[in-house]
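Here is a quick tour for someone meeting this protein for the first time. Have a look at the model below, and then we'll walk through it.

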Amino acid sequence: MSSRIPLLKLSQRCRQSLGSLLGLQPPLAALLRRSPPPPPPPPLFPSTSGRLCYSPIRSLASTADGVNDAGRSERIGTDGNPPNSPPPPPSASGLDYPTGEFEMEGFGWWRRLVVKLRLFFALPWVRVEKGSVLKMQLRGKISDQLTTHFSSGLSLPQICENFMKAAYDPRISGIYLHIEPLNCGWGKLDEIRRHVMNFKKSGKFIISYVPVCREKEYYLACACGEFYVPPSAYVALYGLTIQSAFLGGVLEKAGVHPEVYRIGKYKSFGDQLSCKSMSSEVREMLSSLLDNIYENWLETVSSSQGKRKEEIVDFLNSGIYQVEKLKEGGWITNIMYDDEVMSMLKERLGQKKKKKLLMVDYSKYSRVKKSTLGLDGGREQIAIIRASGNITRTRGPLSIAGSGIMAEQLIEKIRSIRDSDRYKAVILRIDSPGGDALASDLIWREIKLLAASKPVIASMSDVAASGGYYLAMAAGTILAEKLTLTGSIGVVRGRFSLNKLYGTIDLNKEILSRGQYAELNVAEQRPLRPHESELLAKCTQYAYTQFRDKAALSRSMTVDQMEEVAQGRVWTGKEAASKGLVDAIGGFSRAVAIAKYKAKIPHDKQVKLVEASRPSPTLPERLGGIVNSLFGLDMAVKEVMQDLTFSDGVQARSDGILLDIAGNISEDNHVLHLIKDCLGSS
């Protein structure tokens, strides 16, 4: 009753405005009509910390003495400029960018009223009871792509959006985060961890429940305010490893000889097939990556748990497997079963008399629109292009939606955005180990043309290496997470010589040809002849020179300077920033802040983020998604089938070892991905 009385006192103009905001139709909209409301308060609210507060889909400028994620000082947002003026230009070095740090924004009475009305008129299937707890279960593979109702697995954009919505949703009292074994990289973990920390700024609780506790699960869970495990939890906090299996000896015994041509002493793609052990250069590179990941894990856990790094090292080296030891050492909050945690929450939230704890699950809450909560952004639009997976030129008959980057599809999207005046800037979100070198170059060209017409910011997720970095270097600004795997500026090409195998099984193949090099790609029954081998080596060197020189031009380096950081070497995002391969360290929110900055959009102004890569699955793809959900058909099998059909030419991609570091290969898929590497290098 009280919620309706104020409506009758509103002016006609006010009611029309509300009716438009809510999308109401007569006769309901007719109830909302009477004096213009006071002008809405400005969207900028000064906080007690001296920061400039923005909506969650806006970005924060740093304080005058703030330090960004890359350790660079900032002086944007508190320099006395008018609220609606663009931020001051960066220093001559171009290193000062807005941080994109999140702070809760206080809504004025007008926006609060609009949100209440939208919640009141919400459709039944998206209604949430007041005082509910959002339960999210994170497990397995997490994609950087948007997913549909017919897709399997979790979507990082949706996970992050749910955290943001829950922070502002007056119906949500807190989050109950179930963390199961995770199969994603450290870049995605840092993005989720950042949203956990942002959510805590709302003052609401977030607790984690971890039945299987390994390094990645602990890394994420310790960011939450409370950390619970069951009495029978599997604890495996033993440290970090990198492993690689080499099939060179196996293939030799089978009579198969891989002939691999690669440029770059650190380019490890193909080593697992052609070698019997790790080269000294690759060992050096992987040891450096492992050191960086391990050091970051120690520092992050130390900061979250308030313990010294030496304590954490001793803890790992003690071989802890008993959950009681975790509690005694203060590594977790308590030991409780799931039902006990929910009973505790019922008591905490005053729901003891209710039969069940008021909860809303991830799937249902994902259907709640941001606009319902007043988070619908402004008029200025920024396009989001997502490029995830292996890079190929065309979609084949065995390809599936979301399984990789199809050059012809991505190019079409890039061109449509370039031709549109709606978008003020573009964020290119990359999560790719690379793939076909020609496809990478064709996409690079289109991104380069796009960047000439409007600002393009490349934001890296878990991995943007080799062909993935090729795409990023066309952007005006490149961002990476601290542990993004990037670089790998190198190429590889190869084939298999099966003459010994054919001799063993008494198989004879004869070829009639015209032309000196006509048999180059078909004569697998014999080794390459000297002139053929020389041609392949020249082709590979030519592809590498193009890649390296374009990288040098895009990063304003000399060829010699780029050669020092190229050679196929993979770097973490933090290392890449120090080497000049990326511009700054940060996640998606910082990419939005920099996109606004580059587009000269006032940093206090809301923007609307438009997903240009939103999937529109066909009927066969929907049926495939349902089958995948029902029967658990492994994505790796489908990718192997896809690469079996399309895997020719020079490859600009990273190998399975690096994907394993990024967390994109499950423990039971190493053999499948070795086969995939085998197919991809032929």
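## Ground rules

Contact, or touching, means heavy atoms within 4.5 Å. This is a predicted model, so local features need pLDDT of at least 70 and side-chain atom pairs count only at pLDDT 80 or more, while totals for chains, interfaces and linings use all residues. Residues are numbered from 1 along each chain as its sequence is written, and side-chain values use heavy atoms, with hydrogens and water left out.

## Two nonpolar cores

Let's start inside. With that meaning of contact, Y218 touches C213, F227, L237, W297, V301, Q305 and W331, leaving aside residues up to four places away in sequence.

Y218 also belongs to the largest nonpolar core, which has 65 residues. Such a core is a set of buried Ala, Val, Leu, Ile, Met, Phe, Trp, Tyr and Cys residues joined through side-chain atoms within 4.5 Å. Buried means under 20% relative accessible area, exposed is over 50%, and partly exposed is in between (1.4 Å probe, protein chains only). The members touching the most others are F163, I175, I192, Y218, L237, W297 and Y365. Helix α4 (residues 156-168) gives the most to this core, with eight residues. There is also a second, separate core of 51 residues, with V426, L428, M460 and A475 among them.

## A six-stranded sheet

Helices (H or I, at least four residues) and strands (E, at least two) are DSSP runs, numbered from the N terminus. Six strands make an open sheet in the order β12-β9-β7-β6-β3-β13, with parallel pairing; two strands pair if DSSP finds at least two bridges between them. At the edges sit β12 (334-335) and β13 (359-361), each pairing on one side only.

Strands β7 (residues 205-209) and β9 (residues 226-229) share three bridges, and Y209 has Y228 as its bridge partner in β9.

## The listed active site

An unreviewed UniProt entry lists K267 and S466 under "active site"; such annotations may be inferred rather than shown by experiment, and positions are given in the numbering used here, with feature names shortened. They span 200 residues in sequence, yet no two of their C-alpha atoms are more than 9.5 Å apart, so they gather at one spot.

Are these residues buried or exposed? K267 is buried, at 2% relative accessibility, and S466 is too, at 0%. Their side chains make a polar contact (2.9 Å), meaning a pair of N or O atoms within 3.5 Å; within protein, one must be able to donate a hydrogen and the other to accept it, and residues adjacent in sequence count only if both atoms are side-chain atoms. The K267 side chain also makes a polar contact with that of S488 (3.0 Å).
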